[in-house]
Amino acid sequence: MDKRTSTGTAIGKIILIGEHAVVYGEPAIALPFPATKIKTTIYERKGPVLLNCLFHQGLLTDAPKKLFGLISTIEKIVESIGKRLYDFSIDIESSIPPERGMGSSAAVAVATLRALYDYFQIPLTREDLVSWSNISEKIVHGNPSGIDAAIIIDEKPLYYIKGSPPVPLDFKLDAYLILGDTGEASQTKTTVAHVKRLMDTDPEKYGPLLKKLGLLTERTKISIENRNPKNLGQIMSNAHHILDQLGVSNKILNKLVTVAIENGALGGKLTGGGGGGCMIALASSEKEANLISNNLLSNGAKNTWIYNMGVGFHGR
Ligand code: MEV
């Protein structure tokens with residue numbers, strides 16, 4: 001017998017450094033962001049599967065194109081476990097803002113996988129999670145490095161190189177991370193395709209920029225090991241400058257990074273795919289973090305979060 005109700009959850013993520021370069025084999029560092037979550041609930045209900053989420057309420061098969069990645073992953077999973085898209089419904093609640101580079105697409109896939117496997121009472125391994133969420137991410141993003149799925153599954157700070165097992169980082173820093181949401185959509189697929197175009201047309205010019213981002217990730221790792229927020233801040237600002245040169249920043253991201261620095265941040269950068277979405281800044285005290293956050297909000301940020309990096313990162 002299938003269960004009558006099952007839930008699966010997943011948290012958001014932040015790319016601290018190395019986005020885009022990670023697609024080309026450079027290292028990157030990602031952090032779990034438990035302040036935002038997705039919960040998928042599967043419950044028994046006669047008839048064809050219904051989907052209830054922010055973008056759609058109705059038959060799963062009538063869902064809009066932007067949910068194609070999720071829907072086709074659900075279809076493939078259900079088929080692979082010998083079940084039919086019948087007699088259950090899917091509710092998805094999320095506090096991860098969609099299309100902001102905070103991992104909502106990978107998180108929805110992971111939460112839904114967890115809920116589906118539990119509903120059908122099938123044991124779910126980490127390998128299942130990695131392979132299914134990467135199938136979903138491939139449909140959504142075209143050419144994902146796998147970092148979003150890895151961080152969302154493992155919920156630990158990770159040093160990540162595409163194709164290698166992620167390495168957990170001991171992350172405790174006497175600093176505060178401020179996350180600012182521009183309110184503009186970040187289409188990771190579009191920015192990843194943009195960087196690919198640059199690399200296809202002028203690898204001699206753009207390859208070294210991606211290499212530099214990789215080196216900044218290595219320096220970030222050392223700053224974390226040495227518990228040196230000041231260095232980390234400078235590295236973040238350098239990375240932002242390179243991401244801007246790659247054309248994945250935009251006016252509002254640049255403005256918010258500048259506002260953060262003018263208000264005492266140790267450094268700042270966009271996070272995730274860019275072209276909209278979110279930025280992060282580092283502050284040395286909670287008081288400064290609040291000041292930066294208030295200034296981000298009065299200069300166009302739609303929302304901010306403050307994360308105390310001194311308590312260590314843990315999942316939920
Ligand atoms: C998106 O969170 C990070 C990117 O590097 C894409 C990827 O790694 O798949 C932009």
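The domain assignment splits the protein chain into domain 1, residues 5-160, and domain 2, residues 171-311. Before going on: this is a predicted model. The C-alpha centres of the two domains are 25 Å apart. As for contacts between them, 30 residues on the domain 1 side touch 43 residues on the domain 2 side.

Now the empty space, beginning with the largest pocket. Its volume is about 1000 Å³. Where does the largest pocket lie with respect to domain 1 and domain 2? Both domains give residues to its lining, so the largest pocket lies between them.

The lining of that pocket counts 50 residues, and those nearest the centre are Glu99, Ser104, Ser105, Val140 and His141. Several elements supply at least two residues each: β1 (5-17), α1, β5 (86-94), α2, α3 (126-141), α4 (147-154) and α5 (188-201). Helix α3 gives the most, with 6 residues. If you are thinking about the chemistry of the wall, the lining divides into 22 nonpolar, 18 polar and 10 charged residues.

Next, the second largest pocket. About 160 Å³ of space lies there. Its lining is made by 10 residues, with Asp2, Tyr86, Asp87, Tyr119 and Phe120 nearest the centre. Two elements, β2 (28-48) and β5, give two or more residues to this lining. Strand β5 has the largest share, 3 residues. How does the lining of the second largest pocket divide by class? There are 5 nonpolar and 5 charged residues, and no polar ones.

Strand β5 therefore comes up twice in this talk, since it supplies at least two residues to the lining of the largest pocket and the largest share to that of the second largest pocket, a statement that rests on β5 being one DSSP run.

On to closed space. Rolling a probe the size of a water molecule over the atoms shows where empty space is left. With a threshold of 30 Å³ or more, the structure holds 1 cavity. The volume of the largest cavity is about 30 Å³. Which residues line the largest cavity? They are Leu70, Thr73, Ile74, Ile77, Ala109, Thr112, Leu113 and Ser136. The elements that contribute two or more of these are α1 (68-80) and α2 (104-119). Helix α1 gives the most, 4 residues. By class the lining has 5 nonpolar residues, 3 polar and no charged. Helices α1 and α2 are also among the elements that supply at least two residues to the lining of the largest pocket.

Last, a sheet. Strands of a sheet pair through backbone hydrogen bonds, either parallel or antiparallel. Here we have an open sheet of 4 strands, in the order β9-β10-β8-β11, and the pairing is antiparallel. The edges are β9 (267-271) and β11 (303-308), each pairing on one side only. On average, and with direction ignored, neighbouring strands of this sheet are turned by 20° against each other.

Take one pair from it. Strand β8, residues 176-181, is joined to β10, residues 278-283, by 6 bridges, and the two run antiparallel. What is the bridge partner of Leu179 in β10? The partner is Ile280. Across β8, β9 and β10 lies helix α7, residues 229-245, which runs at about 45° to β9.

To recap: the largest pocket lies between domain 1 and domain 2, and α3 gives the most to its lining. For the largest cavity, that place goes to α1.

Note on methods. Residues are numbered from 1 along each chain as its sequence is written. This is a predicted model: local features need pLDDT of at least 70, side-chain atom pairs count only at pLDDT 80 or more; totals for chains, interfaces and linings use all residues. Side-chain values use heavy atoms; hydrogens and water are left out. On a 1 Å grid over the protein atoms alone, a cavity is a set of points where a 1.4 Å probe fits but cannot get out, and a pocket is an open set with protein on both sides within 12 Å along at least five of seven lines; lining residues have an atom within 4 Å of a point. Grid points are joined across faces, edges and corners, and a volume is the space filled by probe spheres set on the points. Ala, Val, Leu, Ile, Met, Phe, Trp, Tyr, Cys and Pro count as nonpolar, Asp, Glu, Lys and Arg as charged, and the others, Gly among them, as polar. Two strands pair if DSSP finds at least two bridges between them. Axes are lines fitted to C-alpha atoms, for helices over the stretch in contact, and angles run from 0 to 180 degrees between N-to-C directions. Contact means heavy atoms within 4.5 Å. Domain bounds come from an automatic or database domain assignment.
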